[in-house]
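Ready for some practice in reading a protein model? Have the viewer open, try each task yourself, and then compare your steps with the solution.

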Amino acid sequence: MIVNPLRDPRDRRLPRVPDPCALVVFGITGDLARKKLLPAVYDLANRGLLPTNFALLGFARRDWGDQDFAELAREAARKAARTPWREEVWERLAGSVRFVQGAFDDDDAFDELAAALGDLESSHGIGGNAAFYLSIPPAMFPVVLKQMERTGMAESTAERWRRVVVEKPFGTDLASSRELNELVDSVFSADDVFRIDHYLGKETVQNLMALRFANTLFEPIWNGHHVDSVQITMAEDVGIGGRAGFYEKTGAARDVLQNHLLQLLALTAMEEPVEFSAEEIRTEKLKVLRAISLPDDMATAAIRGQYEPGWLAGQRAHGYRQEEGVDAASTTETYAAVRLGVETRRWAGVPFYLRTGKRLPRRVTEIALVFKRAPHLPFADTDTEELGNNQLVVRVQPDEGVTLKFGSKVPGSVMEVRDVSMDFLYGEQFTEASPEAYERLLLDVLLGDATLFPRNAEVEASWAVIDPLEEFWAGSRPHPYRAGEWGPRAADEMLAADGRRWRRP
Amino acid sequence: MTTLWDTTGSAVVKELAAQRRTGGAVLSGVALTLVVVADESRVAEAEEAATAAAAQHPCRILVVVRRQIDAPVPRLDAEVLIGGRLGPGEAVVMRMYGRLALHAESVVLPLLAADAPVVTWWHAPAPERLQTDALAVIADRRITDSSIAEDHVTALRTRAEDYSPGDTDLAWTRTTPWRAALTSTLDAVSGRRGDAVRLLGGRVEGDPGNASARLLAGWLSSRCGCGLDVVEGPRRPGPSGVDAVVLQLDQDEEVAVRADRRGGAVLTQPYRPDATVALPDRPLGDLLGEELRRLDPDEPYAEALEEATGVRGLSNRAAVREHVWLDPARPDGNGDRDDDAEEPSSPAAPVA
């Protein structure tokens with residue numbers, strides 16, 4: 001049955017636009033909301049991707065009127081928007097912005113919020129649909145969710161949908177994430193819960209699936225017969241900023257390894273999904289996450305580190321223990337590297353080296369497939385001394401693109417082979433026009449498309465990988481490394497013991 | 001940037017290669033070649049648009065300006081730019097004088113990116129029959145702009161009669177925001193009803209002489225199976241040629257989208273308060289960028305063009321064009337063999 005005669009599957013120019021709805025943001029005055037969410041909402045409006053009947057509702061403790069809030073939102077959106085600023089677009093958006101003031105444990109405030117949603121129904125025609133964005137510390141989740149349950153805001157019915165967006169961290173270990181999942185799922189139905197991992201909204205990550213499953217070139221060698229090892233790196237040059245309180249309790253493994261790196265691993269290692277749909281992709285990712293094996297020799301294959309004072313990019317950098325708000329004897333790791341296995345026919349025997357750290361020389365995220373060396377080289381030994389392993393590198397950020405590294409003859413009268421790289425660069429120039437990760441993910445939430453969101457089983461499977469590591473590390477002291485170098489020596493030794501070395505990204 | 005005066009095609013190819021070597025890897029990976037055919041008076045505009053579009057789609061830009069076809073001596077001037085005025089990629093701006101202008105493809109062919117699709121865009125009045133321009137024959141996708149013509153309606157008819165799958169028109173691209181707004185309005189209606197919507201009729205208020213207004217009406221007609229017309233509205237429309245669209249739905253309902261003259265439109269629908277959406281007049285570069293997103297035949301355009309002009313059977317036409325030699329300097333259109341002994345005579349053209 002044709003529901004809308006103007007919709008035509010062949011007509012790819014018309015954007016997917018969500019149903020009329022409201023976006024409710026808890027913690028609208030927070031950092032994330034100001035730097036990412038509000039600009040993303042503006043960009044969506046500017047691109048004409050918001051529904052015709054749309055409202056934005058902010059909820060926070062601050063004592064503000066709609067006007068004050070609109071002003072803050074305008075500033076925030078203007079500062080960080082990626083699309084050109086058009087005052088008229090904002091004015092239209094500002095007409096549908098509301099603010100509700102209150103504490104999360106304040107029954108009256110939530111009654112007011114529920115009433116405001118009702119009002120928006122008549123004033124903006126949002127059709128009862130709403131997405132709740134929990135941009136708040138996880139500790140507040142129970143209170144907020146209970147309030148939503150009490151006021152009946154969380155119920156999806158046949159006439160309307162209600163969705164909730166949860167930011168990482170999704171718990172701090174398997175038990176707490178289960179608890180959190182149960183809590184969220186008891187208030188919202190599982191299909192209405194969207195867990196944001198903003199890495200999955202990045203263009204390159206989506207391109208990884210196109211690269212693998214749209215081409216014939218890569219898939220035949222995408223397995224243990226040809227791949228020697230896989231290195232997944234997410235390096236940051238910044239320290240912990242002002243987030244000492246959060247970071248002290250979390251550490252690099254929980255902050256990055258558990259979500260971003262394991263999701264990248266899953267996308268790299270997964271089998272081809274039966275179709276490109278949320279359910280099928282999640283099924284394949286879950287299979288990989290469940291097949292992950294931990295190293296037997298954790299002492300040498302699970303390394304964590306902590307940065308000490310050093311020099312980075314020409315500036316003196318504090319050590320982690322000297323950062324404000326950090327315990328002078330802290331054992332929280334700022335670097336984690338681990339060797340994992342994926343126990344499937346495709347990947348058995350191929351080590352997956354994952355590493356993440358702060359205060360490393362540069363900000364870079366990449367997935368590198370290191371291939372086996374040719375079984376036989378018909379050249380003289382001296383000819384191929386400089387030849388390394390072939391590599392296929394997916395650069396997630398910055399300089400989004402793909403690099404292929406292979407051997408080539410050095411021009412000249414003697415036969416000499418050395419590594420060269422071939423670059424495909426979706427440079428800044430080209431990604432400027434592509435939506436920012438949050439923009440894409442926010443749109444998907446409003447559309448109800450869960451392809452790029454991990455589901456709770458994935459989160460739990462990830463914690464099942466992290467928990468034993470944390471247990472092993474508990475009470476030990478992280479290896480020190482100087483700010484501005486590529487991690488502790490122990491991490492280099494971990495690869496050296498396997499006869500490999502880290503790629504310098 | 002290098003400018004080559006009175007040069008040859010092979011010198012341009014060499015210069016491009018030389019600049020690529022010395023300029024470093026400004027850009028790697030090219031998705032397509034964009035050939036821009038522009039009048040001298042519109043070159044700056046065309047360059048700006050091509051640069052903006054190239055920022056979304058890595059491409060090689062070849063701008064062809066044909067001048068003074070009656071000049072006695074053929075001549076080629078070329079500007080080779082990498083990572084310069086025309087964006088991060090490779091670009092060549094060529095001015096062709098004399099008989100060379102009729103053989104622009106001889107310069108363009110060796111400059112096309114290897115095995116990548118070719119898109120030709122006329123930012124000039126397009127030839128009546130595209131196949132008389134060899135730059136159309138080598139293209140996988142051809143972009144014209146009926147809004148450039150004095151008489152939009154005749155221009156649209158010409159495009160319909162000449163249509164081949166793979167043709168498209170910027171007058172059609174200009175309707176996208178309107179079409180998106182109308183579609184999402186009907187989405188909202190069907191969402192509220194929880195049931196299908198039927199479109200019974202309606203009207204486009206605007207300038208009946210505007211190509212975009214005609215195509216919008218044509219599209220609506222093709223989608224509802226009923227005839228919609230462009231009627232002169234109470235207000236003069238903006239540059240898009242459309243001021244408002246009113247649609248009659250089943251269950252005796254009506255929806256309307258009206259431009260608010262401030263880069264937006266007001267949506268009116270039953271049982272819901274009015275809403276406004278962004279509906280800006282987009283710069284040429286945005287339009288071109290949208291065209292370059294997909295290079296396969298645009299069936300909805302063919303159907304809209306059929307309805308707008310009454311010319312039928314567009315989607316059944318062959319997608320490949322055969323070059324037809326046409327000499328504008330001759331009244332009968334055929335090249336004189338004495339003058340131009342090397343001219344090919346295509347089988348489609350009668351041999352004198």
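The exercises below work through this structure, which is a predicted model.

**Exercise 1. Find His260(A), and decide whether it is buried or exposed.**

Step 1: Begin with the record. An unreviewed UniProt entry places the feature "active site" at His260(A).

Step 2: Locate the residue in the fold. His260(A) belongs to helix H8 of chain A, which covers residues 244-269.

Step 3: Count neighbours. His260(A) has 22 C-beta neighbours inside 10 Å, and the cut-off for a buried residue is 20 or more. His260(A) therefore counts as buried.

Step 4: List the contacts, not counting residues up to four places away in sequence. His260(A) touches Asp197(A), Tyr199(A) and Met234(A).

**Exercise 2. Say which residues the UniProt annotation "binding site" covers, and describe their surroundings.**

Step 1: Take the names from the record. In an unreviewed entry, UniProt gives this annotation to Arg61(A) and Lys168(A).

Step 2: Place Arg61(A). You will find Arg61(A) in the loop between strand S2 (54-60) and helix H2 (66-80) of chain A. Leaving aside neighbours within four places in sequence, Arg61(A) is in contact with Gly102(A) and Ala103(A).

Step 3: Place Lys168(A). Lys168(A) sits in the loop between strand S5 (162-167) and helix H6 (174-187) of chain A. With neighbours within four places in sequence set aside, Lys168(A) contacts Asp197(A) and Asn259(A).

Step 4: Classify each residue. A count of 20 or more means buried, 12 or fewer means exposed, and values in between mean partly exposed. Arg61(A) has 13 other C-beta atoms within 10 Å, so Arg61(A) is partly exposed. Lys168(A) has 19 such atoms within 10 Å, so Lys168(A) is partly exposed.

**Exercise 3. Work out which residues Leu354(A) contacts when neighbours within four places in sequence are left aside.**

Step 1: Find the element. Leu354(A) lies in strand S13 of chain A, residues 352-357.

Step 2: Check burial. Leu354(A) has 23 C-beta neighbours inside 10 Å and therefore counts as buried.

Step 3: Name the partners. Leaving aside neighbours within four places in sequence, Leu354(A) is in contact with Ile232(A), Leu257(A), Leu261(A), Leu265(A), Ala337(A), Val338(A) and Leu340(A).

Step 4: Compare sequence with space. Leu354(A) and Ala301(A) are 53 residues apart in sequence, and their C-alpha atoms are 10 Å apart.

**Exercise 4. Now move to chain B: how are H8(B) and H10(B) oriented to each other?**

Step 1: Read the geometry. Helix H8 (residues 211-224) and helix H10 (residues 299-309) of chain B pack at an angle of about 105°, and their axes are 7 Å apart.

Step 2: Apply the cut-off. Angles from 65 to 115 degrees count as roughly perpendicular. H8(B) and H10(B) are therefore roughly perpendicular to each other.

Step 3: Look at who meets whom. The residues of H8(B) in this contact include Leu215(B) and Trp219(B), while those of H10(B) include Pro300(B) and Leu305(B). By class, the contact has 7 nonpolar, 3 polar and 4 charged residues.

**Exercise 5. Describe the contact between chain A and chain B, starting with how many residues each chain gives.**

Step 1: Chain A gives 38 residues and chain B gives 41.

Step 2: Among the elements of chain A that each supply at least two residues are helix H1 (31-46), helix H4 (107-124) and strand S17 (417-425).

Step 3: Sort the chain A side by class. The side of chain A that touches chain B has 16 nonpolar, 10 polar and 12 charged residues.

Definitions and conventions. Residues are numbered from 1 along each chain as its sequence is written. Chains are lettered from A and ligands numbered from 1 in the order in which they are written. This is a predicted model: local features need pLDDT of at least 70, side-chain atom pairs count only at pLDDT 80 or more; totals for chains, interfaces and linings use all residues. Axes are lines fitted to C-alpha atoms, for helices over the stretch in contact, and angles run from 0 to 180 degrees between N-to-C directions. Helices (H or I, at least four residues) and strands (E, at least two) are DSSP runs, numbered from the N terminus. Angles under 35 degrees count as roughly parallel, over 145 as roughly antiparallel, 65 to 115 as roughly perpendicular and the rest as oblique. Two residues are in contact if their C-beta atoms, placed from the backbone, lie within 7 Å. Ala, Val, Leu, Ile, Met, Phe, Trp, Tyr, Cys and Pro count as nonpolar, Asp, Glu, Lys and Arg as charged, and the others, Gly among them, as polar. UniProt positions are given in the numbering used here, feature names are shortened, and annotations may be inferred rather than shown by experiment.
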